[in-house]
Amino acid sequence: MTSTDSIPGAKTGGGRVGDSPLRPDGTLKVTGQFAYSSDLWHEDMCWGVTLRSPHPHARILGIDTTEALATPGVYAVLTADDVPGENAVGLEHLDTPALARDIVRYEGEPVALVAADHPETARRAAKKIVVTYEELPALTDPRRALDPDAPQVHEQGNLVREVTIRRGDASPTAPVVVSLEFEVGMQDQAFLGPESGLAVPAEDGGVDLYVATQWLHVDQAQVCRVLGLPPEKVRLTLAGVGGAFGGREDLSMHVHACLLALRTGKPVKMCYSREESFYGHVHRHPAWLRYEFGAQPDGRLVYGKADILFDGGAYASSTGAVVGNGGTLGLGPYDFPSVHVTARGVYTNNPPCGAMRGFGCVQAAFAHEALMDELAEAVGLDEVEIRALNGMREGDRNITGQLIDSAAPVAELIRTVRDLPLPPERTSTDLRELPGGVSNTTHGEGVVRGIGYAVTYKNVGFSEGFDDYSTARVRLEMSGGEPVVTVHTAAAEVGQGLIAVEQQIARTELGVERVVVHPKDTTVGSGGSTSASRQTYVTGGAVKAACEAVRTTVLARAGQRCGQTGLRLDGDKIVATSGEVVATLVEVLGDDAVEETVERRHRPTRPIDPETGQGDAHVQYAFSAHRAVVDVDVELGLVKVVALDTAQDVGKAINPDAVVGQIQGGSAQGMGLALMEEIVVTDGHVRNPSFTDYLIPTILDMPPMQIEVLEYADPHAPYGVRGVGEPPTISSGPAVAAAVRAATGKALRRVPIRPEHITGT
Amino acid sequence: MRIQLTVNGTRHDVDDVWPGESLLYALRERMGLPGAKNACEQGECGSCTVYLEGVPVCACLVPAGQAHGREVTTVEGLAPEGSGDETALHPVQQAFLEKGAVQCGFCTPGLIVSTHDLLQRNPDPSDPEIREALAGNLCRCTGYEKIMDAVRAAAEALR
Ligand code: FES
Ligand code: FES
């Protein structure tokens, strides 16, 4: 919420495009001063808590709030009856009640809210709310969702979306055929900053909401609908975000805090516990995948078939778009003459699933990469050359018929990771370097090394005809005798480093050192979502365009003053074509500011054909490859990842250090899904909603990484950038899984790979 | 109940503390010191790490009452004092900033306290020793590589 001024002393260069300046919010973060959404405080504030459904599917027969309301210290207890507007939110479909009315469709669905003077008072009061449920048969196996006798989760049926991709030969055959079935468990984003925020009622009858999110404007629209208020009365400001990874695309406590604030007339803070967080946001879709590849005896692909099922859980969230990605990108970055893909997403009474880093491509990658290894073995090629042989190239058409019109260096990426030095053979018996670590489970006996490869790709930005844009307002003025630029966008900084990128672009375009990034809020137009690896491209592009507009205005003014054309801006000077300085910025600006607001769209994408799935669905593709080296204790099923090396084409690294940071962090999340991360759901109940039982990689689990960053500029993108954040999460997991298969000789058709899958016990 | 404690060298008298409250809650919500973070409040993530009488603890697991009469140091109290420079950083903080070990930063306060403690005990830790010492601090953003870089750099700066 504090505006971030530029910090001099950039690490390298002057903090322009291509440099790696220090994070503008870094000093606040290392000193504990940065205000995250859970740190907010307000005079006279009270605390809100949520009462959630204990059942995966039930009818609400009645809610008695009398005792809760009578609890000393309680200010309000709200149910669906207290929703003033339309009780419906959702990213793609308005299918999600802000508070359940009549029916609950998953364990953890919000049913009632309490505001009280202390969080513990509120929690205890919530326990006194008596909800009478009549349990209903729950649909918890997505593979049964489309059976005629399956329980119906919503009136419109259990299918959220089905995508079919058909290309080439309708019934292709090939001399070599390989196939497999794969299953991917439910992963959690596990951002560390819990869902939280502060809603402050305003004198105009509206509300100001300070919240951690990925897209302020899409939140605002949903909150307005539920509150029955116009946008000018629902103002959102981004509070400090403790990571997101897709898990903050949907609303969590946003509407709830606003409802309580408007009812009590007091500022209301809400902050989920870790357990509630596991119920309070969508997860990565679990998936069931059936694949078949046909090839020539030399390994060249003839056709690819896939049947993919995503469990969307109780509400749609972004399931439709995930299915779109699973379908259009589900065969991986390879050239297939004939294609037959079906992807479906269904409703169940399991936890709702939606966006997570890698969005629909992560699940598919485990299957297509395992099958590429099968194919390599069947035709007698190695894992690298089979991928290089079939890898997409610029000028190819992908499975939806879209022309790949910029770099697609699949062969180069996979060969690059192969050629990186391998870690030395393990010689030490230091327990810390062995699977099982200091648990002292082995001294090296039964430990086998394996190496695995994967290459994948991902769309950047929103697809299938979505009106994807960002707005930037850039202002140039003199302050204290020096030029200052203020960049105002609503694009969320979630830790990835967007504010640094905004500053770098403004410095580069306007040649001004001092660049202030305005707090992110809804007083400027939408920045679009901080997801789909899109912000550097789309908001970065908007900032660039707004800077160009400012520059044009300044030069026009200077031109009027001196009667010349062809001027350029050089630092604080206006320079003529002759090289002569015709004016200074101070002279041109005076006390006036130049401010321009620009909405920038990338090249339009198109919906895919409903029958064939053909169409220019995506705006850009990003490619990456990983090589994993693992040591596996094959007797106990314990895995130690020894090395995780990667190569990725980023188009142009605006901030090389931040690019590497994204690749490292993204790789860790992919590795986590391969080996340890799963929300275990049985009969619709989450079994492990804690960091005790849901494991994410620790510093002991992560190996050192060698990272090769390629920069093949995309001529259609600002500065040639290619989205960076997601690809590493997609290719790292399949490489790790392949390495474990190589070490154990087991097929391992499910992730996360558990010890018992390796030992067969 | 009322508790009295010294935090970052300043004495605090805190009233109306509910006996179930953690030291973390008291610091964050009653003393205006939200630097220690609340990522799990169940002792699993290390984001709430503070010194209690010079020993690093998960503040979420310590009842506030147990800190009565004791001395606490949080991430807010690590920067060198008295330099008059608001942006003065401890070498551990400086290293995290410079090495890009901070993304969202939610893990950072806990990691900085844990690193500060490690380097006091062991000024020249090997990589396995660093990993062991920081195994209780989760980070979801960085993949830990730049955290390793930062700890190595801080060790060097402090030697
Ligand atoms: S908040 Fe204390 S260990 Fe996680
Ligand atoms: S930087 Fe986000 S959790 Fe570590």
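## Where domains 2 and 3 of chain A meet

In this predicted model, no salt bridges are found across the interface of domain 2 of chain A and domain 3 of chain A. Polar contacts are another matter: 12 residue pairs, both at pLDDT 80 or more, are in polar contact between these two domains. On the side of domain 2 that touches domain 3, the residues divide into eight nonpolar, three polar and nine charged.

In all, 20 residues of domain 2 are in contact with 26 residues of domain 3. Together the two domains bury about 1,800 Å², with 60% of that on carbon and sulfur atoms. Within domain 2, Glu92(A), Tyr106(A) and Phe278(A) lose the most area to domain 3, and together they make up 32% of what that side buries.

## How chain A is divided

To place these parts along the chain, domain 2 covers 39–136 + 194–241 + 248–280, and domain 3 covers 287–463 + 607–759. Domain 1 is assigned to 4–34 + 469–601. The C-alpha centres of domains 2 and 3 of chain A lie 36 Å apart.

## The two domains of chain B

Chain B has domain 1 (3–78) and domain 2 (91–158), with 21 Å between their C-alpha centres. Here 14 residues of domain 1 are in contact with 13 residues of domain 2. The pair buries about 1,200 Å², 65% of it on carbon and sulfur atoms. Tyr51(B), Val75(B) and Leu78(B) lose the most area on the domain 1 side, together 40% of what that side buries.

Between these domains of chain B there are zero salt bridges and five residue pairs in polar contact, both at pLDDT 80 or more. Strand β3 (residues 49–52) of chain B gives the most to the domain 1 side, with three residues.

Conventions: Residues are numbered from 1 along each chain as its sequence is written. Chains are lettered from A and ligands numbered from 1 in the order in which they are written. This is a predicted model: local features need pLDDT of at least 70, side-chain atom pairs count only at pLDDT 80 or more; totals for chains, interfaces and linings use all residues. Side-chain values use heavy atoms; hydrogens and water are left out. Domain bounds come from an automatic or database domain assignment. Contact means heavy atoms within 4.5 Å. Buried area is the accessible area (1.4 Å probe) that two parts lose on being put together, summed over both. A salt bridge is a side-chain nitrogen of Lys or Arg within 4 Å of a carboxyl oxygen of Asp or Glu. A polar contact is a pair of N or O atoms within 3.5 Å; within protein, one must be able to donate a hydrogen and the other to accept it, and residues adjacent in sequence count only if both atoms are side-chain atoms. Ala, Val, Leu, Ile, Met, Phe, Trp, Tyr, Cys and Pro count as nonpolar, Asp, Glu, Lys and Arg as charged, and the others, Gly among them, as polar. Helices (H or I, at least four residues) and strands (E, at least two) are DSSP runs, numbered from the N terminus.
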